[in-house]
Amino acid sequence: MILDMCKKYMAPEQSILLNVVSAMVDFSTSASLQLSRELDPTGDRTMICVTKVDQHKEDGLSDKIHSAIDMMKLDPEHVFAVRNRSQQENNDQVPLKEVRDLEKRMLDKISQDCDVGYGLGVGSLSKQLVKIQYEQIVHTLPSVRAAIREQIEELESSMDKLGEPVGDARSCRSKVMHCIESSISELQDEVLGRTSSAPVFDGMTGASFEIALTIEDFEAERKKSVEYTNIKSIQDVGGYKFILMVYPNEKEKAEDANGSVGAYLRVDFPKDKNVASMALSYEFTVSSGEKYFSRKTEHKEFVESSIAWGNEVISAADADNIKGSTTFQVNVFVEKL
């Protein structure tokens, strides 16, 4: 299971495989090097960091590292030898700068004795790691973007097959409750021998949906709103136009103090449908950051060319404290036509 997890994160082309191995072990038996060789046979993504070089007392460490470079088919610039902080230095709380100075003096001596041909020191390793990661990002970015676009297209296709969105949890509960109440009413009519006289037009009766409107800078919109100016969001459902109208500042004159915030719902009937009226239940909600407001309106009847129904959803005092992006939403349930 651990091996599968390692392969999962090492396999992607975007991953850099930094193998940290001790100078004291046989590199040919290193499980991480074997796995890197399997998943990155060209060695383009593989790096080796050889640690504890100060504890390797035998001769031939440089030959040992070069053998690993040849075996892994690595660029020597991808291989580094470093000195670790010792346990005694940890106990003595030796500053990191002093530890790095000790490493530099030791590695400088190694480089003077022979031309190693690979990187030395943690500082050099850090710089090279950043350089390789940058090159890898530049190399893989086009394929990553293409993969993201493909996933987006697949998700959008799946969402299209699911149909129109039902809405959030609140609108779902509202729709379920309306369905239950409608079923109870129908059963009561059946028991009493009554039949429903409400005709159904184009499947609109029982329809449930939501209309949303987001004001990005509510405070600025509120300041410039005078004489009942409104912002609209229009949604066409079955030929009927449902219009959410928001009045950020319901005041009659520019010089008046700030007023409350009103939300209204209007329905425009299609001219080609012989419908006299439409009975709706709907609920206004407003969210801005952690602030949330709700106002429910029950059983309003709309007729052709009717005025909009609605009310105050946020008081003047509360509205003055709202900043930034604010979303107004109305959840609508069509009871009958």
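Here are some short exercises on the structure above, each with a worked solution.

This is a predicted model, in which local features need pLDDT of at least 70, side-chain atom pairs count only at pLDDT 80 or more, and totals for chains, interfaces and linings use all residues. Residues are numbered from 1 along each chain as its sequence is written, and side-chain values use heavy atoms, with hydrogens and water left out.

**Exercise 1. Salt bridges**

Find out how many salt bridges the structure holds, then work through Glu38, Asp54 and Asp320 by naming a partner for each.

*Solution*

Step 1. Start with the rule: a salt bridge is a side-chain nitrogen of Lys or Arg within 4 Å of a carboxyl oxygen of Asp or Glu. The structure holds 11 of them.

Step 2. Glu38 pairs with Lys7, with 3.5 Å between the closest N and O atoms. Glu38 sits in helix 2 (residues 31-39) and Lys7 in helix 1 (residues 2-10), so to speak of position, they are 31 residues apart. Helices (H or I, at least four residues) and strands (E, at least two) are DSSP runs, numbered from the N terminus.

Step 3. Asp54 pairs with Arg83, and their closest N and O atoms are 3.8 Å apart. Asp54 is in the loop between strand 2 and helix 3, while Arg83 is in the loop between strand 3 and helix 4, so the bridge ties together parts that are 29 residues apart in sequence. Asp54 and Arg83 also belong to a network of salt bridges with Glu89.

Step 4. Asp320 pairs with Arg222 at 3.1 Å between the closest N and O atoms. This pair links distant parts of the chain, 98 residues apart, with Arg222 in helix 8 (residues 218-224).

**Exercise 2. Buried or partly exposed?**

Sort Arg83, Arg222, Asp54 and Asp320 by their relative accessible area.

*Solution*

Step 1. Take the cut-offs: buried means under 20% relative accessible area, exposed over 50%, and partly exposed in between (1.4 Å probe, protein chains only).

Step 2. Arg83 has 11%, so Arg83 is buried. Arg222 has 3%, so Arg222 is buried too.

Step 3. Asp54 has 23%, so Asp54 is partly exposed. Asp320, at 36%, also counts as partly exposed.

**Exercise 3. The nonpolar cores**

Which residues of the largest nonpolar core touch the most other members, and which strand gives the most to this core?

*Solution*

Step 1. A nonpolar core is a set of buried Ala, Val, Leu, Ile, Met, Phe, Trp, Tyr and Cys residues joined through side-chain atoms within 4.5 Å.

Step 2. The largest core has 34 residues, and Tyr240, Phe242, Leu265, Met278, Leu280, Ile314 and Phe328 touch the most other members. Strand 9 gives the most to this core, with 5 residues.

Step 3. A second, separate core of 19 residues includes Ala23, Ile48, Val116 and Tyr118.

**Exercise 4. A pocket**

Which residues lie closest to the centre of the second largest pocket?

*Solution*

Step 1. On a 1 Å grid over the protein atoms alone, a pocket is an open set of points where a 1.4 Å probe fits, with protein on both sides within 12 Å along at least five of seven lines; lining residues have an atom within 4 Å of a point.

Step 2. This pocket holds about 330 Å³ of space. Of its 17 lining residues, His56, Glu58, Leu61, Ser62 and Ile110 are the closest to the centre.

Step 3. Helix 3 (61-72) and helix 5 (96-113) each supply at least two residues of the lining.

How values were computed. Points joined across faces, edges and corners; volume = space filled by probe spheres on them.
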